[in-house]
Amino acid sequence: MKLRIFVTLKPGVLDPQGRAIHKALGGLGFDGVNDVRAGKLIELEVEDSVDDAQIDAMCRKLLANTVIENYRVERA
Amino acid sequence: MKTAVIVFPGSNCDRDVAVALREVSGTAPTMVWHGDTALPDGIDLVALPGGFSYGDYLRSGAIGARSPILRAVKDAADRGVPVLGICNGFQVLTEAGLLPGALMRNAGLDFVCREVPLTVDNAQSAFTSRYTAGERIIVPVAHHDGNYAADPETLDRLEGEGRVAFRYGESVNGSARNIAGVLNAAGNVLGLMPHPERRIDTAAHGGDDGRRLFEGLLETVGV
């Protein structure tokens, strides 16, 4: 089973990288971009026996830092 | 006096901390590999050094915080053994849940490497007893991810409980409320981004404001 884990900064947490990307887009002449937030995509290949609780534990214990980040799991 | 320095793949200030501990305590620390599962018996102090453990992969300190030795470090911290995390060591301690908050990319996105003024916020802790409250000291920083973040309630609690040990005296990395170093609730775990071990010898470092952190610590643990 293929999993795609999207790790994103929580709303309200300042994202310096997103801000720099935003500025760079403006510098290239792309107008109309209101905000940019940068995150991570982590792809996992797991056995079908791995259940939701285990996947959730992986996210909480390592893949995301829940102090500042949210995560979302997508099954491919 | 038994001290230990944890060494991760990618640590690069482990020897600096070892020199500082040896200089101040007179005894060389035990260097403990991250893959080990136990600290030396009767350990008095554990230091987690600066550097780039596991190449900062995933998040700074994230993989190091899950390495086998951290379970032993957590147990020692629970028993009241002082644990000092400097720079990457601070990142490891927050990732391990031993300290609140997180260290994010510097607000200016730059790697900041220079001497900065710090204010000693709490001079009552085991780590800061040789300083006076409000004292201004100069200590170098060298980091890319030192931007301290926590929710407002956590920040209020840290301030209210005197758990902010050091603050930056100027804008350095965007840290919330200019926080440079925080203590755990029991006061025996300190994490800070600046490098006190790089400021212990005036002839070599141009100042020795960091030395008193180690001196106070060793005095506290009864050397």
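Which residues does Lys10(A) touch, not counting residues up to four places away in sequence? I shall open with that question and then move through the two chains in turn. Please bear in mind throughout that this is a predicted model.

Lys10(A) touches Ile68(A), Glu69(A) and Asn70(A), once residues up to four places away in sequence are left out. As for its position, Lys10(A) sits in the loop between β1 (2–9) and α1 (16–27) of chain A. Its partner Asn70(A) is 60 residues away along the chain, yet the two C-alpha atoms are separated by 5.6 Å. Lys10(A) has 15 other C-beta atoms within 10 Å and is therefore partly exposed.

Let me now describe chain A as a whole. Its secondary structure comes to 2 helices and 3 strands, and from the N terminus on these elements run β-α-β-α-β. The radius of gyration of chain A is 16 Å, whereas the globule rule gives 11 Å for 76 residues; the value is well over that figure, so chain A is more spread out than a compact globule. Along its principal axes, the C-alpha trace of chain A spans about 50 × 25 × 15 Å. Buried residues make up 11% of the 76 residues in this chain. Of the contacts in chain A with a separation of 6 or more, 70% are accounted for by residues 24 or more positions apart.

I turn next to chain B, which has 6 helices and 11 strands. Its radius of gyration, 16 Å, is close to the 17 Å that the globule rule gives for 223 residues, so chain B is as compact as a globular protein of that length. The C-alpha trace of chain B spans about 40 × 35 × 35 Å along its principal axes. In this chain, 55% of the 223 residues count as buried. Taking the contacts in chain B between residues at least 6 apart in sequence, 75% join residues at least 24 apart.

How do the two chains meet? On the chain B side, 13 residues are in contact with 8 residues of chain A. The chain B residues that touch chain A divide into 6 nonpolar, 3 polar and 4 charged.

Within chain B, I should like to consider one pair of helices. Two packed helices are described by the angle between their axes and the distance between the axes. Helix α1 (residues 14–25) of chain B packs against helix α6 (residues 211–220) of chain B at an angle of about 60°, and their axes are 10 Å apart. The two helices, α1(B) and α6(B), are therefore oblique to each other. The crossing in which α1(B) passes α6(B) is right-handed. On the α1(B) side the contact is made by Ala20(B), Leu21(B), Val24(B) and Ser25(B), and on the α6(B) side by Arg211(B), Phe214(B), Glu215(B) and Leu218(B). By type, the residues of this contact between α1(B) and α6(B) divide into 5 nonpolar, 1 polar and 2 charged.

Is Ile43(B) buried or exposed? Ile43(B) has 22 other C-beta atoms within 10 Å, and it is therefore buried. Its place is in the loop between β2 (30–33) and β3 (45–48) of chain B. Leaving out residues up to four places away in sequence, Ile43(B) touches Lys2(B), Ala4(B), Ala76(B) and Val81(B). With Val81(B), the distance from C-alpha to C-alpha is 7.5 Å, although the two residues are 38 apart in sequence.

Finally, two leucines of chain B deserve attention for their backbone angles. Most residues other than glycine have a negative phi. Leu58(B) is not a glycine, but has a positive phi of about 70°. Leu58(B) lies in the loop between β3 and α2 (69–78) of chain B. There are 18 C-beta neighbours inside 10 Å of Leu58(B), so this residue counts as partly exposed.

The second case is Leu109(B), whose phi is near 70°, again a positive value in a residue other than glycine. Leu109(B) lies in the loop between β5 (102–104) and β6 (112–120) of chain B. Because Leu109(B) has 13 other C-beta atoms within 10 Å, it is partly exposed.

Notes
Residues are numbered from 1 along each chain as its sequence is written. Chains are lettered from A and ligands numbered from 1 in the order in which they are written. This is a predicted model: local features need pLDDT of at least 70, side-chain atom pairs count only at pLDDT 80 or more; totals for chains, interfaces and linings use all residues. Helices (H or I, at least four residues) and strands (E, at least two) are DSSP runs, numbered from the N terminus. The radius of gyration is taken over C-alpha atoms; the globule rule is 2.2 Å times the number of residues to the power 0.38. A residue is buried if 20 or more other C-beta atoms lie within 10 Å of its own, exposed if 12 or fewer, and partly exposed in between; C-beta atoms are placed from the backbone. Two residues are in contact if their C-beta atoms, placed from the backbone, lie within 7 Å. Ala, Val, Leu, Ile, Met, Phe, Trp, Tyr, Cys and Pro count as nonpolar, Asp, Glu, Lys and Arg as charged, and the others, Gly among them, as polar. Axes are lines fitted to C-alpha atoms, for helices over the stretch in contact, and angles run from 0 to 180 degrees between N-to-C directions. Angles under 35 degrees count as roughly parallel, over 145 as roughly antiparallel, 65 to 115 as roughly perpendicular and the rest as oblique. A crossing is left-handed if the near helix is turned anticlockwise from the far one by less than a right angle, and right-handed if clockwise.
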